[in-house]
Amino acid sequence: MDALVEGLMEELNCETVFTIPLFGGIPVYESVVVTWIIMAAVFLLCILLSRNLSVENPSRRQVVVETAIKGLNDFFTETVGEKGKAYIPYLSAIAIYIGIANLIGLLGFKPPTKDMNVTATLALMSIVLIEVAGIRARGTKGWLKSFAEPMPIILPINILEVFIKPLSLCMRLFGNVLGSFVIMELLKMVVPAVLPAVFSCYFDIFDGLIQAYVFVFLTGLFIKEATE
């Protein structure tokens, strides 16, 4: 049990990779560096996949990319509705980032989503976007008026919900990623060495992708609710 606690604390600990010598020293944490690596990898992949595109004679690579993009667009269109189409690029980018961040542990990196600062920032970004979507769709007066709907007596509850949504998104993503680590450590302690490898495939791959799906799906539903 002591080993489990030590491993858990190690997973929660976000080490400082280097310090920028400005304003007394700005620490750059491991989660930030891994995020930069993900950004660079996605950027290079976009460059490679978007080379030599053709309308008349599309290559197999182009067909695969266009099919994937169309699939993402169709999925998010159904989720956010017609009025929320402008926010599909954001949802797609967040889905790709969280998906890669949860899987990058397979390459030996610590997933950025194990840092609560990362999940909290993603949640705050999403909630700000949701509220902005509501203002754009209804106008400032309509947005303020919506807090008193369907009846003025639930105004405090609707205001509280603005703060509950980012907390829910943050803790759901962070808790599931951390929970999978705890379960894997417990399995390693009580079962033979072969079985943890099987469960690792589930928690490291399937569960990581599921968490990306749940995060963007809930964000899309909140956007649809705000715009309609």
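This note goes through the fold, two helices, the empty spaces and a few single residues of a predicted model.

1. **Overall fold.** The protein has seven helices and two strands. Along the sequence they follow the pattern α-β-β-α-α-α-α-α-α. The chain counts 228 residues, and 34% of them are buried. Among contacts with a separation of 6 or more, 64% join residues 24 or more positions apart.

2. **Helix α2.** This helix runs over residues 30-49. Its 20 residues should span 28 Å at 1.5 Å a residue, and the end C-alpha atoms are 28 Å apart, so the expected and modelled spans agree. The buried residues of α2 are Ser-31, Val-33, Val-34, Thr-35 and Ile-38. Their packing partners are β1 (16-20), β2 (26-29), α4 and α5 (116-146). Cys-46, by contrast, is partly exposed, because its relative accessible area is 45%, between the 20% and 50% cut-offs.

3. **Helix α4.** The helix covers residues 88-103. The check on its span comes out well: 16 residues at 1.5 Å each should give 22 Å, and the end C-alpha atoms are 22 Å apart. Its buried residues are Ile-88, Tyr-90, Leu-91, Ser-92, Ile-94, Ala-95, Tyr-97, Ile-98, Gly-99, Ala-101 and Asn-102. Several of these are three or four places apart in sequence, Ile-94 and Ile-98 among them. An α-helix has 3.6 residues a turn, so residues with that spacing point the same way.

4. **Largest pocket.** The largest pocket holds about 730 Å³ of space. It is lined by 21 residues, and the closest to its centre are Val-42, Cys-46, Ile-69, Ser-92 and Ile-96. Elements giving two or more residues to this lining are α2 (30-49), α3 (60-80) and α4. What is the make-up of the lining of the largest pocket: nonpolar, polar or charged? The residues divide into 17 nonpolar, four polar and no charged. Two of the residues closest to the centre have appeared above: Cys-46 and Ser-92. Cys-46 is partly exposed, whereas Ser-92 is buried.

5. **Cavities.** The structure holds two cavities of 30 Å³ or more. The second largest cavity has a volume of about 30 Å³. Its lining is made of Leu-169, Arg-172, Leu-173, Gln-211, Val-214, Phe-215 and Leu-218. Both α6 (155-190) and α7 (194-227) supply at least two of these residues. Which helix gives the most to this lining? That is α7, with four residues. By type, the lining of the second largest cavity has five nonpolar residues, one polar and one charged. The charged residue is Arg-172.

6. **Thr-219.** This residue is found in helix α7. Is Thr-219 buried or exposed? It is buried, because its relative accessible area is 1%, under the 20% cut-off. Leaving aside neighbours within four places in sequence, Thr-219 is in contact with Leu-91, Ser-126, Ile-130 and Leu-169. Of these partners, Leu-91 is one of the buried residues of α4. Leu-169 also lines the second largest cavity.

7. **Cysteines.** How many disulfides does the structure hold? The count is zero. Cys-170 is buried, with a relative accessible area of 6%. Cys-46 is partly exposed at 45%, and Cys-46 is among the residues closest to the centre of the largest pocket.

8. **The loop between α3 and α4.** Gly-81 and Ala-86 both belong to this loop. Gly-81 counts as buried, because its relative accessibility is 10%. Ala-86 counts as exposed, because its relative accessibility is 55%. Where the loop meets distant sequence is also worth a look. Gly-81 and Leu-221 are 140 residues apart in sequence, yet their C-alpha atoms are 9.0 Å apart. Beyond its neighbours within four places, Gly-81 is in contact with Phe-76 and Lys-224. The C-alpha atoms of Ala-86 and Ala-133 are separated by 9.3 Å, with their positions 47 residues apart along the chain.

Terms used: Residues numbered from 1 in each chain as written. Predicted model: local features only at pLDDT ≥ 70, side-chain atom pairs only at ≥ 80, totals over all residues. Heavy atoms only, no water. Expected span 1.5 Å × (residues − 1). Buried < 20%, exposed > 50% of the residue type's maximum accessible area, 1.4 Å probe, protein only. 1 Å grid on protein atoms, 1.4 Å probe; cavity = no way out; pocket = protein on both sides within 12 Å on 5 of 7 lines; lining within 4 Å. Points joined across faces, edges and corners; volume = space filled by probe spheres on them. Contact = heavy atoms within 4.5 Å. Disulfide = S-S within 2.5 Å.
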